Every structure is written in structure tokens, then in C-alpha cells.
Amino acid sequence: MTESTRAELLAESGDGGRERLAAFFAARGEPAYRARQVEKWVWERGARAFDEMTNLPAGLREALDAAFSLTPIEADYVARSKDGTVKHLWRLEDGERVESVLIPTRDRLTLCLSSQAGCALACRFCATGDFGFRRQLRAAEIVAQYRDSLRVAREEMGRPASSPISNIVYMGMGEPLANLDGVIGSLASLHGGFGLGARRITVSTVGLIPGILELARRPEPFELAVSLHAPSHELRLELMPIEKRYPLPDLFDALRTYQSYKNRRISFEYTLIRGVNDDPALAESLATLARGLICFVNLIPFNPIPSRPEWGPSSAEGIARFSEALAARGVGNAVRRPRGRDIAAACGQLRLSRES
């Protein structure tokens with residue numbers, strides 16, 4: 001088979017992968033346990049190549065390699081922060097590069113995944129938008145970031161072999177719900193193949209309503225985060241051009257529909273930029289906008305980027321005032337402590353720094 005016709009096992013759910021492997025070995029007259037051996041290598045050990053499967057005969061490994069791909073990616077650059085954050089710039093088979101970030105805290109290790117090479121949505125506070133949209137990532141390319149990060153978590157960060165990465169967030173390069181096929185496929189593989197709990201996986205979006213409604217209809221209880229960053233049409237349009245296509249009233253109607261299906265808390269991401277969107281009066285507007293939703297707001301100090309030299313993060317006092325204004329109106333919130341600033345860990349910054 002040619003490279004283009006090889007099935008990508010990382011794009012399969014657990015059941016789909018098992019069926020493909022069972023059919024492959026049955027057609028070759030091999031015993032059924034061979035399929036189980038490969039399953040263990042792929043979804044438990046995170047094999048990157050069939051040559052690693054040393055309990056299979058060499059001829060079988062060659063036949064597997066001709067029929068299937070394990071979607072190899074390469075670490076083009078690795079940055080390690082003094083706070084323990086590890087950021088990878090991955091080189092894909094066609095030379096495109098995407099980022100993922102491992103973020104350790106006291107009781108968990110979170111992996112932030114990319115879903116596109118670049119991004120077309122041009123949010124003004126995000127470095128990824130500065131080099132535009134290149135292409136969609138295939139489901140297997142998204143999962144490969146997880147597969148290769150597992151090794152780093154186990155071998156370099158000392159995480160337990162059974163569950164080295166505790167949480168996944170689709171908050172890296174790209175808009176996940178603009179790549180719905182790739183993201184849904186990767187969710188099926190991470191959940192059904194690698195066995196990650198759906199409630200430990202969060203999909204973030206700037207507010208693409210069709211994708212939000214598609215997630216609402218799915219049976220798995222994946223978590224939803226919405227990049228909001230402004231509670232008024234005019235200000236959000238200035239920061240996020242997607243507001244023109246999916247304005248706030250329509251977005252919040254969709255979120256209420258989502259919550260009627262899921263009955264799950266929705267997270268809002270709100271980047272605080274000094275003098276732009278950090279007035280406490282905007283916190284009051286946000287509380288009004290979110291009335292009736294079960295929600296939580298993550299307040300994120302702006303991570304400066306070269307294309308916006310005039311912008312800086314809100315002061316500690318300004319962040320505290322905004323947080324207090326939300327809390328006074330019954331909106332739960334927390335300030336997300338910046339991680340990995342010394343290694344350009346914010347979305348798109350590492351790639352941008354390596355290309356400048």
C-alpha cells in the first residue's frame with residue numbers, strides 16, 4: 001500500500017481499531033491474540049513504530065507497516081520552563097509545525113493540544129493568528145501529540161505509568177470546532193482507544209455555534225470552554241472577528257441549548273488586557289450576559305505578543321477588581337496563574353519565535 005492509503009490507527013476509536021486489526025490478522029490466518037498484542041502496543045504503550053513491537057515476528061511487523069500508519073511526528077524543538085511546563089514544537093510529515101504544552105500542577109498534568117496548523121480566525125491577542133491558517137490537522141495528528149507527550153510525561157517528568165496525563169484541553173493552535181471532523185475523530189480515539197475519561201477532556205472554542213450544537217448532541221460528557229474576552233458586541237468584535245459571524249446573543253442561545261442537553265458547567269476564558277477589557281463595569285456586563293447558565297470564568301492575564309506592543313497584562317489590582325466584581329454578582333471565577341512565560345508557552349508563541 002502507498003502512504004496515502006495506509007489506515008491511521010491513531011484515528012480509530014477503540015472498537016474501530018480492534019475491528020481493523022482483527023480483520024487484518026484474520027485475513028492472514030493469524031491467531032486472534034496477535035490483534036490484542038498490537039492493541040496493547042498502540043493504546044497502552046504508545047508505540048511510535050511497528051518495529052517497537054518486539055513480541056511480533058519481523059514479517060508481521062513489516063506487513064503491519066505496509067497496511068497501517070502510526071502517524072509519526074518529530075520534536076522539532078522542546079522548551080522547558082523553570083515552573084515545570086514543557087512545550088513541544090512538533091514537525092508533521094509534510095513539514096508543518098504545531099505546538100503542544102504539558103502543564104504540571106500539584107495534583108494533575110494537563111496537556112494542551114493543537115487542532116490546526118495556524119488559525120484563520122485572527123483573534124487580536126493570539127500569536128497563532130499572526131502566521132495565518134495553513135491546514136487542518138487530521139485526527140491522528142492530533143492524537144499523535146498526546147501519544148508522544150505520554151513518553152515525556154512518563155520518562156522525563158516521572159508521572160505514573162498507568163495515568164501520566166490526567167487532563168486534555170484543546171486550547172493550542174487553531175480553532176477546534178473549525179476542524180470538526182478531525183477533532184471528533186481525535187476525541188473518539190482519546191476516549192475510546194486510549195481510555196481517557198470524557199470529563200477530563202475540554203474542547204475550547206471562540207464560539208462556532210454549529211460545532212457547539214454538534215458537541216451537545218454527542219453522548220459523551222466532554223467539557224466545553226468558550227473564549228469570550230469581552231461581554232459586548234462592539235468590544236468583542238474589535239478583539240475577535242468571529243463576533244461578526246456569531247454575535248453574542250446567538251452564541252449564548254446556543255450555550256443554553258448545549259446546557260439543556262448536557263447539564264454541565266461551561267467555562268469561559270477571559271484574557272485581561274490592561275485598559276482594553278479589564279474595567280470592572282465589563283465584569284458586571286459579563287455577569288448579566290451569563291445569567292441562567294451554570295458557568296465559571298477563568299481570568300487569564302494577557303501574555304504579550306510582538307504584534308501588539310501597545311498591549312500589556314492587567315495589573316494585579318485590576319485583575320482583583322474584575323474578579324471581585326464577578327464574585328459579587330454570583331459568578332464563580334479564578335485567576336489562572338501564567339505558566340511557562342520564560343519559554344513562550346502561550347499559543348503560537350514558540351513557533352513564532354522560532355520563525356522570526
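**Notebook: the sheet and its helices**

**Entry 1: around strand 10.** I began with strand 9, helix 5 (residues 180–193) and strand 10, and found that together they make a right-handed β-α-β unit. Right-handed is used here in the sense that, with the strands pointing away from the viewer, the path from the first strand over the helix to the second runs clockwise. Helices (H or I, at least four residues) and strands (E, at least two) are DSSP runs, numbered from the N terminus.

I noted that this is a predicted model, in which local features need pLDDT of at least 70 and side-chain atom pairs count only at pLDDT 80 or more, while totals for chains, interfaces and linings use all residues. Residues are numbered from 1 along each chain as its sequence is written, and side-chain values use heavy atoms, with hydrogens and water left out.

I then asked which residue of strand 9 stands opposite Val203 in strand 10. I found Tyr170 there, and strand 9 (residues 167–170) runs parallel to strand 10, joined to it by three bridges. Two strands pair, in this usage, if DSSP finds at least two bridges between them.

On the other pairing I looked up, strand 10 and strand 11 (residues 223–227) are parallel over four bridges, with Ala225 of strand 11 as the bridge partner of Ser204. Helix 6 (residues 209–217) belongs with these two strands in a right-handed β-α-β unit.

I also checked how covered strand 10 (residues 201–205) is, and five of its five residues are buried (under 20% relative accessible area, with exposed over 50% and partly exposed in between, for a 1.4 Å probe and protein chains only). Ile201, Val203 and Thr205 point one way from the strand, Thr202 and Ser204 point the other way, and all are buried.

**Entry 2: helix 6 beside helix 9.** Two packed helices are described by the angle between their axes and the distance between the axes. I looked up both values, and the axes of helix 6 and helix 9 (residues 248–262) come within 9 Å and cross at roughly 5°. That angle makes helix 6 roughly parallel to helix 9. Axes are lines fitted to C-alpha atoms, for helices over the stretch in contact, and angles run from 0 to 180 degrees between N-to-C directions; those under 35 degrees count as roughly parallel, over 145 as roughly antiparallel, 65 to 115 as roughly perpendicular and the rest as oblique.

Among the residues making the contact (heavy atoms within 4.5 Å), I listed Ile209, Ile212 and Leu213 of helix 6, and Leu251, Ala254 and Tyr258 of helix 9. The residues of this contact divide into 10 nonpolar, one polar and three charged, where Ala, Val, Leu, Ile, Met, Phe, Trp, Tyr, Cys and Pro count as nonpolar, Asp, Glu, Lys and Arg as charged, and the others, Gly among them, as polar.

**Entry 3: the whole sheet.** I followed the strands across the sheet, and 10 of them form an open sheet with mixed pairing, in the order 3-4-5-6-9-10-11-12-13-14. Strand 3 (74–80) and strand 14 (333–335) stand at the edges with a single partner strand each, so one side of each is left without a neighbour in the sheet. The twist from one strand to the next averages 20°.

**Entry 4: strand 12 and beyond.** Is strand 12 (266–272) buried or exposed? Seven of its seven residues are buried, so strand 12 is largely enclosed by the rest of the structure.

I looked at the partners of Phe268 next: it is the bridge partner of Val226, in a parallel pairing where four bridges join strand 11 to strand 12, and Phe268 also stands opposite Val297 in strand 13. Strand 12 and strand 13 are parallel over seven bridges, and the chain crosses between them through helix 10 (residues 280–289) in a right-handed β-α-β crossover.

Val297 has Asn333 as its bridge partner in strand 14, and three bridges join strand 13 (residues 295–301) to strand 14 in parallel. I noted too that helix 11 (residues 316–328) lies across strand 12, strand 13 and strand 14, running at about 175° to strand 13.

**Entry 5: two residues with positive phi.** His229 lies in the loop between strand 11 and helix 7 (233–239), has a positive phi of about 70° although it is not a glycine, and is buried with a relative accessible area of 3%. Ala122, in the loop between strand 7 (116–118) and strand 8 (133–136), has a phi near 55° and counts as partly exposed at 40% relative accessibility.
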